[in-house]
Structures are given as structure tokens and as C-alpha cells.
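Thanks for coming, everyone. Please have the sequence and the structure open in front of you. I'll go through this one step by step.

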Amino acid sequence: MMDRVYIFDTTLRDGEQSPGISLNVRQKLEIAEQLAKLGVDAIEAGFPITSSGDFEAVKAIANRVKGPRIVALARAIEADIDKAWEAIRNAEKPCIHTFIATSDIHMERKLRKTRDEVLKMTEAAVKRAKKYAPDVEFSPEDATRSDFDFLCRVLEIAVGSGATVINIPDTVGYALPDEFGKLIRELKAAVPALNNVILSVHCHNDLGLAVANSLAAVENGANQVECTINGLGERAGNAALEEIVMILDTRYRSLGKKTNIKTEQISRTSRLVSTLTGYQVQFNKAIVGANAFAHSSGIHTDGVLKERITYEIIDPKKIGLTESKIILGKTSGRHALKQHLEDMGYVLDDEEFEKVFVRFKELADKKAEITDDDLGAIMADEVRAITSEVYGFESLRVTSGTDEVPNATVKLTKNGAVIKKTAEGDGPVDAACNAIGKATGVSAKLLFYNVSSITGGLDAQGDVTIQLDIGGKKVLGRGVSTDIIEASARAYLNAINKSLTK
Ligand code: KIV
Ligand code: ZN
């Protein structure tokens, strides 16, 4: 279809390459299932050769998630391609994505290969991948800084060897929209075989142009965009899926291009990715930022109240943004909670449900009205704990005041045994983290700390994101509670647990 743009999501591969993000199998699976509900055409599930954890996650996604193509990344190396296939062989629609750099700077300085060697490696890699998978994607890494004629030769060989998708990456986010659009147009003219495959683009955001460049490519004949939820990805990230999709939707009459995305799932997907990765979305981020639909000036508020379209070009309902409804309270029982969680799309086994129910009751004792957002936060916290728990969080007692040294006692569990430790600190959060450090024997340096509230009101749950340096590696942790000291302790423990399970 001429007017169709395929959406290739790489949140779980390029997105996971963002510093500090480390998702485990269960978390990756949960995101992949949500991406399938969102209606993406392809999920790049990971880079199987890089670690056994990534291999297992890609395999689990390939085995379980139906609908989109499941893609595994591989360098143009036999071992990578074989491992990628091993991971995705049971997928309904498996695809191997192989790549090699084609710019002189990458070939000479990084690969230390000649142009001829790169041409041979391209041919061998695509042919090997094609022996396994009907769908093979090929990317010439750093395409935008590659010699045009050489790039054309590489692409001819890739398509001739069986590639069904050719992806043009702006690996370092260097291109300008006009230049990138022209590159796509000229490649299509110079390599006629590109008209028989899906022509994809993959833009990085180093100059803040990833979305603009992807759009320029679409206007010049690309029919697939690689993007990530919330714009996650290496360095400044990739093109944001929600922005690409909503631009094409909102400006359909000008651009004439459609996607298959169920836009009502956007907000929920963005929140899930943010909670599970620990990467908070900036307040003024287009489409999914907390302020994207907030009107503060008197003139704007007055206009929107009289007629929404005066200042809103997108109906917030279109991205699934509904007011967080009050849904449950102190008197709600197991059945009501279970039913509501199922309506929200969470399916839990009995043991998992019991943990969530305890958290729900604790919260209901402190907070009169519990909303979808509160439940979403508890769920994310529990999924984090269930999936990465070496140490379980039992309880925390803290004393502090203006005239005493803060002191914390933490109770953790490990393999059924209770570990109780006490420590002092500069403040109550510091004392709690020191006590956790003593109990786990893990020492960490705090790099980043942020607390925000999940809903409005003084009884709102605090949502704490923490970044730690543990043995030279950056790890993110997140925790929620109506008590921000407890939320901080949970976030600290979450990061320590992640470092121990990775
Ligand atoms: O940015 C890039 O070039 C990549 C490739 C692997 C497609 O991520
Ligand atoms: Zn990339």
C-alpha cells in the first residue's frame, strides 16, 4: 500500500542501550506484549549475542508475542547471525537484522576493513541470514556519512543476496532533514531494487532532528520508520514513536500516510516503558509529557473551556489519556481489585496477586481514593520486585529530626531469611540507604535522585528514581510509596537487586 508507513519499534534494543537501562526477561516481555497491543509492525527485541539475558529475553518474546515481526539484531558475523536465529526461530514472523558500517571513518578506524571486504561481508551475512529467515533486514551503519556510490553498491548486493528490508541509519544524528530526504530520494533512483523491498530509516537525535529527518525520509519514499517509545536510545535517543505516529495522524491531509498504530494505547505504553526503564518522561515532551495537554495561561484555559480545538490540535483521548479515575478504596476487596487489574490488562498468578493486594491495602489505609495511576505504579513496583528480587523489602523504621542524627533500621529477606541492619546518615534517605548497603553488602555511589508524585494531593504516592554507580556500572532503580523515604529505600534496593541479577 502506497500510503502505509510501517512502524518498527526498537525500544527493547536501541532503547535499552540508553545508559543505566537494564530490563530483565519478564520486563522485556511485558513491554513487548504492550507493543503488540499498540499495533507496531515489528519489534526489535534485542541483540542476542551480547548477553545470555538478552538472548533469553528475545527468545521469550519470539515464543510468546504474536502479531508483529520479531526482529533480532546481529553484526555481519556468522556467530551473531546463528545466535539471532536460535533466539527467534519459533516466532510467528521472525526477522534477522544484520548490519555493517559503510562510512570510510567506521571502516578504516573501527572495523579496519577495506571497501571490498565490507562488500563481501555484506553478501555473506545476508545470505547466511536468508538461509534461516524469510525476512532479512540489512543496515549500512553510518549511512549518512558514507560515500554515496559505495553505499549504492552495498545496497545492491544486500538486496541481491535476499534482504527484504533495507534500513538507512543516521547513526550519529548528523543529517539535516533536506539532506536526509534527498539521500532517500537519490538512493531510490540509483538503486531500482530498493523499490521491491521495504525501505526503512533509523534516525538518532543528537541534533534534535530524529523525528524531522524520519519524516523527510517518509516524504521522499521511505515506508518504514524505526523508532522508540519516549524517544529512548543511544546517547540523545532515537525518533520518538509517539511523535512520528501522531504527526502522520494529525497531519494526514497534508502527508497522506497512515500507520496501523492504535493511538489510544500510546499513553499507556509510554507510562509502562517509563516505569520499567526508570527513565522519566520530560514534562514538556511532545504527546506524552505531563504538560502536553496542560493549559496554564488564562487566555488558553478560557479558550479550551469554550472550545477544545482553540488550543488543542490533538484530543487527549486519542492517545488514551483519560482522567485518572477514582476506582477503589479502603473497603474494596480481593475480587474488585482482581477484576480491575484484569480490566487494566494485568494478568497475575495467585502469589503475585497476593503481593499486590497487600500493597493495595497498605495504600488504601493511607490514601482515601485509589486511582488507575496509583494501581499502575504499584504494579510496576511489584513487577520490578518479582522479577529482580534477590533481596525482598520487608520494612523500614526511621528516626530523624532537626536535633538528632538520622537513624534507620531496615528488614530485608533473602531466601526466606530475615536480615535486619541499622545505620545512621546525613538525612533519613541517606540513613535508609546506608542500612540497605549494610544488609546487602553492596556499596554504591548515588549519581542521580529524583522524586515526583503520581497523582495530585498531599496523600499522593511518591515515585523515586535513583541512579547508582555499582562497581563502575550505572544502574537505575525505582520505587513508590506514600512515604518518600520508603519509596527511596525501595528504589535503592531495586537498583541493587538489578545489579545482582544482571
Ligand atoms: O544507529 C544505528 O546505526 C543502529 C544500527 C544497528 C541500525 O542502531
Ligand atoms: Zn541506532
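By class, how many nonpolar, polar and charged residues does the shell around ligand 1 have? The shell has two nonpolar residues, six polar ones and three charged ones. Keep in mind that this is a predicted model.

Let's name those residues. Around ligand 1 you find Arg 13 and Asp 14, then His 97 and Phe 99. Next come Ser 139 and Glu 141. Then there are Asn 167, Pro 169 and Thr 171. His 202 and His 204 complete the list.

Where does the shell come from? Three strands each give at least two residues to it. They are strand E4 (94-101), strand E5 (135-141) and strand E6 (165-170).

Now the contacts. Take Thr 171: an N or O atom in the side chain of Thr 171 is 2.7 Å from an oxygen atom of ligand 1. For Arg 13, a polar side-chain atom sits 2.9 Å from a ligand 1 oxygen. For His 204, the distance from a side-chain N or O atom to an oxygen atom of ligand 1 is 3.0 Å. How much of ligand 1 does the protein cover? On its own, ligand 1 has 260 Å² of accessible area, and the protein covers 94% of that.

Stay on strand E4 for a moment. Thr 98 is in that strand. Thr 98 is buried, at 0% relative accessible area. The side chain of Thr 98 also reaches the backbone oxygen of Ala 74, at 3.2 Å.

On to the cysteines. How many disulfides does a search of the whole structure find? Zero. Look at Cys 95: Cys 95 is in no disulfide, and the nearest cysteine sulfur, in Cys 227, is 15 Å away. Cys 95 is also buried, with a relative accessible area of 0%. Why does Cys 203 have no bond to Cys 227? The sulfur of Cys 227 is the closest cysteine sulfur to that of Cys 203, but it is 10 Å away, so it is too far for a bond. A disulfide needs the two sulfur atoms within 2.5 Å. Cys 203 counts as buried too, at 0% relative accessibility.

Next, some loops. Asp 41 is in the loop between helix H1 (25-38) and strand E2 (42-46). Is Asp 41 buried or exposed? Asp 41 counts as buried, because its relative accessibility is 12%, and the cut-off for buried is under 20%. The side chain of Asp 41 has two partners to look at. One is the side chain of Arg 4, joined by a polar contact of 2.9 Å. The other is the backbone nitrogen of Ile 7, reached at 2.8 Å.

Now the backbone angles. Most residues other than glycine have a negative phi. Two residues here are worth a look. Asp 142 is not a glycine, yet its phi is positive, about 60°. Asp 142 sits in the loop between E5 and helix H6 (148-160). Asp 142 counts as buried, at 0% relative accessibility. Arg 235 also has a positive phi, of about 50°, and is not a glycine. Arg 235 lies in the loop between E8 and H9. Is Arg 235 buried or partly exposed? Arg 235 is partly exposed, with a relative accessible area of 44%.

Asn 230 is in the loop between strand E8 (224-227) and helix H9 (241-250). Asn 230 counts as buried, at 13% relative accessibility. Now compare sequence and space. Asn 230 and Ala 286 are 56 residues apart along the chain, and their C-alpha atoms are separated by 9.3 Å. Then take Glu 86, in helix H3 (residues 78-88). Glu 86 counts as partly exposed, at 40% relative accessibility. From Glu 86 to Leu 305 there are 219 residues in sequence, and 56 Å in space, C-alpha to C-alpha.

Last, the whole chain. Which domains does the domain assignment give? The assignment lists domain 1 (6-277), domain 2 (293-320), domain 3 (324-386) and domain 4 (389-501). The centres of domain 1 and domain 3 are 36 Å apart, taken over C-alpha atoms.

That's the tour. Questions, please.

Definitions and conventions:
Residues numbered from 1 in each chain as written. Chains lettered and ligands numbered in written order. Predicted model: local features only at pLDDT ≥ 70, side-chain atom pairs only at ≥ 80, totals over all residues. Heavy atoms only, no water. Domains from an automatic or database assignment. Near = heavy atom within 4 Å. Polar contact = N/O pair within 3.5 Å; in protein donor to acceptor, adjacent residues only side chain to side chain. Areas by Shrake-Rupley, 256 points an atom, 1.4 Å probe, with all protein chains shown as cover. Helix = DSSP H or I, 4+ residues; strand = E, 2+ residues; numbered from the N terminus. Nonpolar A, V, L, I, M, F, W, Y, C, P; charged D, E, K, R; others polar. Buried < 20%, exposed > 50% of the residue type's maximum accessible area, 1.4 Å probe, protein only.
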